[in-house]
Amino acid sequence: MNTLQKYVLAENVHMSFDTKQGKFVALENINLKISKGEFITLIGHSGCGKSTLLNLFAGLLSPTSGFMFCAGREIAGPGPDRGVVFQNHSLLPWLTCFGNIHLAVERVFGATESPLQLKQRTLEALALVHLSHATDKYPHEISGGMKQRVGIARALSMQPNVLLMDEPFGALDALTRAHLQDELMKIVTATQSTVVMVTHDVDEAVLLSDRIVMMTNGPAATIGSIVEVDLPRPRDRMALANNTRYHSLRSEVLKFLYQKHAKAAA
Ligand SMILES: Nc1ncnc2c1ncn2[C@@H]1O[C@H](COP(=O)(O)OP(=O)(O)OP(=O)(O)O)[C@@H](O)[C@H]1O
Ligand SMILES: [Mg+2]
């Protein structure tokens with residue numbers, strides 16, 4: 001198996017946190033090989049450890065034991081090769097929407113491109129998420145969904161090899177969500193990015209993924225099962241509505257979540 005077939009890799013990863021009540025084991029025995037250009041979604045009940053796993057790939061956490069690799073190198077911290085969209089939009093409050101994206105663009109392309117090109121990239125990223133009208137607004141002046149879109153634009157503007165997204169469309173209305181899902185599929189096809197995305201939405205997982213990684217309930221969560229989504233691309237949401245394979249994949253994920261790993265309401 002070459003580096004392209006195990007581009008992003010978790011090997012025997014365990015993650016525990018020290019809490020006031022003692023050690024809390026969040027993840028155990030996580031083994032996952034992600035190929036370059038693959039689109040992976042992580043799905044599982046609330047609190048099972050999806051964000052924790054994503055933060056491990058981002059290098060924001062390091063595993064208690066085990067190894068994480070990206071492009072053949074051990075993940076030792078965050079890097080511009082991995083763009084992150086956080087579950088709770090994390091914009092710098094003292095910068096405008098433009099400023100938040102421009103900062104990321106400058107970090108990645110500042111050494112090689114002119115100020116005009118950097119500005120152009122920033123404006124294009126804002127246009128992509130339909131936020132050109134909010135260019136000069138500050139985070140406290142925009143809605144939660146808009147903040148989330150700035151976060152998505154920021155990650156995409158860096159053109160990272162790996163996109164790590166934590167419920168990026170969770171706070172959006174259905175139309176905006178569908179638009180961004182379609183845009184994301186186009187961008188990923190064009191850039192050949194590798195994507196790991198957390199979602200709660202089974203339809204979204206089937207529409208976007210090459211593989212759906214389904215996690216068991218925590219504590220000590222692990223990968224319960226993986227569904228290969230063998231639907232041809234490009235995928236069209238309207239056409240899929242009448243596709244029997246789409247519906248059987250969808251029920252496979254639903255069965256995992258609501259029968260095999262049902263979780264009582266909190
Ligand atoms: N820094 C931390 N210290 C202690 N426990 C933590 C820490 N971070 C996460 N946990 C615990 O690890 C478990 C997994 O948390 P995580 O945020 O990864 O879940 P999740 O699957 O992303 O949930 P959700 O779908 O609600 O976002 C939870 O029980 C959480 O309380
Ligand atoms: Mg989470």
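# Helices, sheets and a ligand shell

Modeller: Cys97, Asn100, Ile101, Ala104 and Val105 in H2 meet Val150, Ala153, Arg154 and Ser157 in H4. Keep in mind that this is a predicted model.

Biologist: Why are H2 and H4 called roughly parallel to each other?

Modeller: Take the angle. The axes of H2 and helix H4 (residues 144–157) cross at roughly 25°. Angles under 35 degrees count as roughly parallel. H2 and H4 therefore get that name. Their axes come within 8 Å, and H2 passes H4 in a right-handed crossing.

Biologist: How do the residues of the contact of H2 with H4 divide?

Modeller: Six are nonpolar, two polar and one charged. Arg154 of H4 is part of this contact, and Arg counts as charged.

Biologist: H3 also packs on H2. What makes H2 oblique to H3?

Modeller: Again, the angle. Helix H2 (residues 97–109) and helix H3 (residues 115–128) have axes that cross at roughly 130°. Roughly perpendicular covers 65 to 115, and roughly antiparallel needs over 145. The value of roughly 130° fits neither range, so H2 is oblique to H3. The axes come within 9 Å, and the crossing is right-handed.

Biologist: Which residues make the contact of H2 with H3?

Modeller: From H2 come Cys97, Phe98, Ile101, His102, Val105, Glu106 and Phe109. From H3 come Leu118, Arg121, Thr122, Ala125 and Leu126. These residues divide into eight nonpolar, two polar and two charged. Cys97, Ile101 and Val105 of H2 serve in this contact and in the contact with H4.

Biologist: On to the strands. How do you know that strand S7 and strand S8 pair?

Modeller: Count bridges. S7 (residues 162–166) and S8 (residues 194–198) share five, in the parallel sense. Pairing asks for at least two bridges, so S7 and S8 pair. One bridge joins aspartate 166 to valine 198 in S8.

Biologist: In what order do the six strands of the open sheet stand?

Modeller: The order is S6-S7-S8-S3-S9-S10, with mixed pairing.

Biologist: Why do strand S6 and strand S10 stand at the edges?

Modeller: Each has a single partner strand, so one side of S6 (82–85) and one side of S10 (223–228) is left without a neighbour in the sheet. Neighbouring strands here are turned by 15° against each other on average, direction ignored. Helix H8 (residues 244–260) lies across strand S3 (39–43), strand S9 (211–215) and S10. H8 runs at about 175° to S10.

Biologist: What makes S2 and strand S5 the edge strands of the other open sheet?

Modeller: Each pairs on one side only. The order is S2-S1-S4-S5, and the pairing is antiparallel. S1 and S2 share nine bridges, and a hairpin of two residues joins S1 to S2. Phenylalanine 17 stands opposite phenylalanine 24 in S2.

Biologist: How do you know that strand S4 and S5 pair?

Modeller: S4 (residues 65–70) and S5 have two bridges. The rule asks for at least two, so S4 and S5 pair. The bridge partner of phenylalanine 69 is glutamate 74 in S5.

Biologist: Which residues come nearest to ligand 1?

Modeller: Of the 14 residues around ligand 1, they are Phe17, Ser46, Lys50, Ser51 and Thr52. Strand S1 (8–19), strand S2 (22–34) and helix H1 (50–58) each give two or more residues to the shell. H1 gives the largest share, three residues. The shell has four nonpolar residues, nine polar and one charged.

Conventions. Residues numbered from 1 in each chain as written. Chains lettered and ligands numbered in written order. Predicted model: local features only at pLDDT ≥ 70, side-chain atom pairs only at ≥ 80, totals over all residues. Helix = DSSP H or I, 4+ residues; strand = E, 2+ residues; numbered from the N terminus. Axes fitted to C-alpha atoms, helices over the stretch in contact; angles between N-to-C directions. Contact = placed C-beta atoms within 7 Å. Near = placed C-beta within 6 Å. Left-handed = near helix turned anticlockwise from the far one by under 90°.
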